[in-house]
Amino acid sequence: MKKWASIISASAVALSLFTAGTVANANMGTTSNDERQQIYVAITDEDVTKEVLIEKLKAVLPELFGSFSNSDFTMSTMSYHYSDDLTTRYELSFSKTVNKQSQSGSIIFKEGDFEIESLTISPTITKDSLFPGKITEQQAQKIATDFVRKVTGSSDFITVSQVPSYFSTRLITEPISYAYSFMKTEKNIPIQDQGMYVSILGDGTIQYYMQIAPMTQRFAFEEESNIMTKSAAIAKMKETLKVSLQYSYDYSSYNAKPTVRLVYLPAADYIGVHAKSGKWHSNTGETEQIQAKAPSPIVDKPLQASKPITLEEAKQYVKKLAQSNANGEKLTIDSAYEYESEGTSIISISYSYHKKNASFGTSVEFNKNTGELLNYFDMSDSIPYLDAPEDNTPRLDDAKVLAIATDYAKQFAPASIHEYSMPIYNISYSEENKMHTVSFPRMKNGLIVNGDNISVSISNKGELKSYYRSNLTIDEWPALDEVISQQEAQKQFEAALDAMLVYQSVYNQEGKYELLYTPTINKESIYQMDALTGEFLNVYGLKKKEIITHPTAEKELNYLIQAGAIEVKDAKSFNADQPISQGEALKAIIKSISYFYEDYAYSSGENSEDTIKLVPKDNPYYSTVESAYRMGMIKEGDQLAIDKNVTKEQLAVWFVRALGLEQAAKYPTIYKLDVNDVHEISPANIGYVTLVNALKLQPLTDNKFQPKKEISYAELAVSIINVAYAIAEKQNTGY
């Protein structure tokens with residue numbers, strides 16, 4: 001089941017932490033969110049073998065792969081490159097059983113000296129990797145830093161950001177993950193588009209590694225001489241950058257559907273100030289002044305009504321679209337299927353071109369309910385035509401580009417084009433790809449929706465090269481009447497503003513870097529200001545909740561509070577020793593061990609049928625109870641009093657059901673429970689209590705189980721962590 005928080009994948013996080021283009025995107029929504037298109041090609045180079053890649057891997061990381069045999073690895077028969085990067089990549093997968101537990105993953109190597117570009121490992125979940133973890137964040141950072149040194153063979157990099165530990169996981173059945181982002185440096189100055197990302201599990205195990213680097217290997221760096229002072233750069237930024245009110249996606253939400261929040265961000269097409277000339281560096285080159293245009297709708301009303309599209313209609317559409325770009329190759333529709341993504345029904349059509357003994361494939365996506373195109377990429381330019389003449393078509397002027405791109409946006413999004421604005425920032429142009437990219441930002445209530453846009457790329461011939469649309473469904477939009485004023489937001493922004501000297505790639509000059517001062521807030525290049533509170537948020541839109549104190553369960557309570565499983569409105573007045581209600585206890589358990597809760601909350605529409613009649617739909621715990629029923633934690637006929645306090649015996653039944661052990665617990669006569677108060681336990685629940693006691697999920701006091709004892713928040717927190725360990729153990733043993 002998908003969940004909204006999962007949109008921040010490891011690669012997306014890595015990119016957002018150190019690429020300047022993404023800084024602009026995250027802070028202003030200027031560029032598109034389109035995914036890099038992978039072009040797959042059958043491997044024909046006989047010199048690139050599995051053995052060659054394994055040798056490279058073991059030479060770089062002997063401590064991880066020294067014990068692996070060649071039979072533990074499988075090499076993909078396909079290599080690939082990206083639409084904007086023709087570097088060939090090779091994939092090696094591995095699977096090995098250690099102590100009856102499977103470990104698997106994959107490694108991506110770049111052509112040439114087979115440099116490791118990425119590494120993904122699915123390790124065994126151990127108790128040490130779960131809360132509270134065997135290592136600290138500082139120890140994890142050292143492990144990550146040492147790993148980067150080994151893989152890159154260099155120490156010329158700095159740590160630039162760390163994913164907050166309270167963001168890295170929220171299910172207690174999942175390992176704690178510490179994530180770090182690094183930038184390569186030149187003379188101790190960070191290079192914006194060259195970096196590494198590493199995530200480490202709570203037991204010190206490497207989970208993920210990715211390296212971001214430009215295609216070229218030849219670099220020219222501007223000399224650090226006669227540059228302006230940092231204070232002068234900050235003064236220029238304060239004079240020019242003005243914050244504006246925008247909507248922005250709320251990545252801290254754990255709902256199954258995406259949500260938005262109101263934020264203040266500088267609204268201008270900028271990356272930073274050139275440290276020598278004092279000119280602004282934007283996404284389209286250098287300029288003396290920067291200024292954002294006010295958003296204005298492309299059209300005032302829909303061009304046509306929504307019309308659902310079928311799989312067959314989508315296939316025919318793709319055939320027509322892709323066949324027009326074929327150059328004698330055979331076109332094949334490889335697959336067609338539907339899936340749900342962030343509240344939207346998607347139809348995906350995969351197709352490929354076949355040329356001699358090679359094939360090249362990609363996919364096209366549609367919104368099933370509206371019939372509108374979501375994602376298209378013309379991959380024909382990525383197919384190697386050895387006899388293709390050089391394209392010397394003159395560069396189109398921006399006015400012509402805008403007219404053509406606007407027509408494409410209207411053609412592919414006719415039912416919703418009125419929700420999008422004309423571009424508010426300059427059109428970008430890639431000299432290497434001869435491609436223009438136009439971004440049409442989404443609008444709501446007259447405000448830009450940060451990070452949501454239609455992106456259209458066209459060639460100098462006016463041909464469509466790519467089209468991308470976020471198409472996230474938002475049900476609730478925050479009201480505008482409670483935000484702080486723009487004047488107050490500007491004042492706080494200027495008070496917190498700082499700058500960092502970096503090397504930034506020169507627009508359309510491959511391998512050339514110039515010195516820039518980039519604006520930062522709290523040492524982060526990506527930031528948002530909460531428009532309701534004036535508080536600055538990190539790249540994820542998250543803030544750490546208040547910490548509570550407790551003599552015996554402080555770590556457990558705070559972990560579950562940060563994860564959102566236990567809700568605390570006021571940390572100072574919260575009493576963790578007070579009994580917890582059945583409704584709150586159920587919600588805490590479900591949110592701790594399953595994403596099912598949010599997905600059911602999303603999928604249960606107003607017209608859905610009650611599964612059980614334990615609570616009415618207007619009860620605040622309705623979704624909780626329905627989710628618990630679907631998970632098997634509560635059953636028809638249970639004595640559920642949602643507002644009354646949960647007892648230890650009742651909790652034992654829920655825990656056993658959550659672990660999938662109820663069949664064993666149903667036969668109380670086969671158990672002998674050696675506790676002093678066994679007579680106080682309901683005969684039907686003897687099996688449940690016995691299993692809970694054997695698994696040490698709940699403590700005994702003077703050899704008494706105390707079945708009627710009302711459980712406190714603190715006691716529940718400790719027990720939930722014990723349940724997580726039991727679930728992880730079951731997963732590792734294959735049950």
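Let us begin with a term: a residue is called buried when its relative accessible area is under 20%, exposed when that area is over 50%, and partly exposed in between. K279 gives a handy example, because its relative accessibility of 31% falls between those two limits and K279 therefore counts as partly exposed. The model you are looking at is a predicted one, so please read what follows as a tour of computed values.

First, the overall picture. The protein chain has 735 residues, and 53% of them count as buried. Its secondary structure comes to 18 helices and 28 strands. Among the contacts between residues at least 6 apart in sequence, 65% join residues at least 24 apart. The accessible surface of the chain comes to about 33,300 Å², with 48% of that area belonging to carbon and sulfur atoms.

A good place to step inside is strand β26, which spans residues 512–521. This strand is mostly covered, with nine of its 10 residues buried. What does β26 pair with? Strand β25 (residues 497–505) runs antiparallel to β26, and nine bridges join the two. Within that pairing, V502 of β25 stands opposite L516. The hairpin of β25 and β26 has six residues between the strands, and there N508 takes a positive phi near 60°.

Two further strands also meet β26. Strand β14 (residues 272–274) is joined to β26 by two bridges in an antiparallel arrangement, and here V273 stands opposite Y517. Strand β11 (residues 220–221) is likewise joined to β26 by two bridges, but these strands run parallel. If you follow A220 across, you will find K512 as its bridge partner in β26.

Now step back along the sequence to helix α10, which covers residues 486–496. Which of its residues are buried? They are A489, Q490 and F493. These three cover an arc of only 100° around the axis, so they lie on the same side of α10. The general geometry helps here: an α-helix has 3.6 residues a turn, so residues three or four places apart point the same way. On the other side of α10, Q487, K491 and A495 are exposed.

Charged side chains offer another route through the model. The count comes to 25 salt bridges, and a few of them are worth visiting. In helix α5 (residues 137–152), K142 and D146 lie four residues apart, about one turn of the helix. Their salt bridge has its closest N and O atoms 2.9 Å apart. How accessible are the two partners? K142 has a relative accessibility of 54% and so counts as exposed, while D146, at 26%, counts as partly exposed.

K279, which we met at the start, has a partner too: its side chain meets that of E288 in a salt bridge, with 3.9 Å from N to O. That distance qualifies because the cut-off for a salt bridge is within 4 Å. E288 has a relative accessibility of 56%, so E288 counts as exposed.

Farther along the chain, K709 forms a salt bridge with E715, their closest N and O atoms being 3.2 Å apart. K709 is partly exposed, at 30% relative accessibility, and E715 is partly exposed as well, at 29%. Elsewhere, E567, E584, K587 and K591 are joined into one network by salt bridges that share partners.

Key:
Residues numbered from 1 in each chain as written. Predicted model: local features only at pLDDT ≥ 70, side-chain atom pairs only at ≥ 80, totals over all residues. Heavy atoms only, no water. Buried < 20%, exposed > 50% of the residue type's maximum accessible area, 1.4 Å probe, protein only. Pairing = 2+ DSSP bridges. Arc of directions from axis to C-beta. Contact = heavy atoms within 4.5 Å. Areas by Shrake-Rupley, 256 points an atom, 1.4 Å probe, with all protein chains shown as cover.
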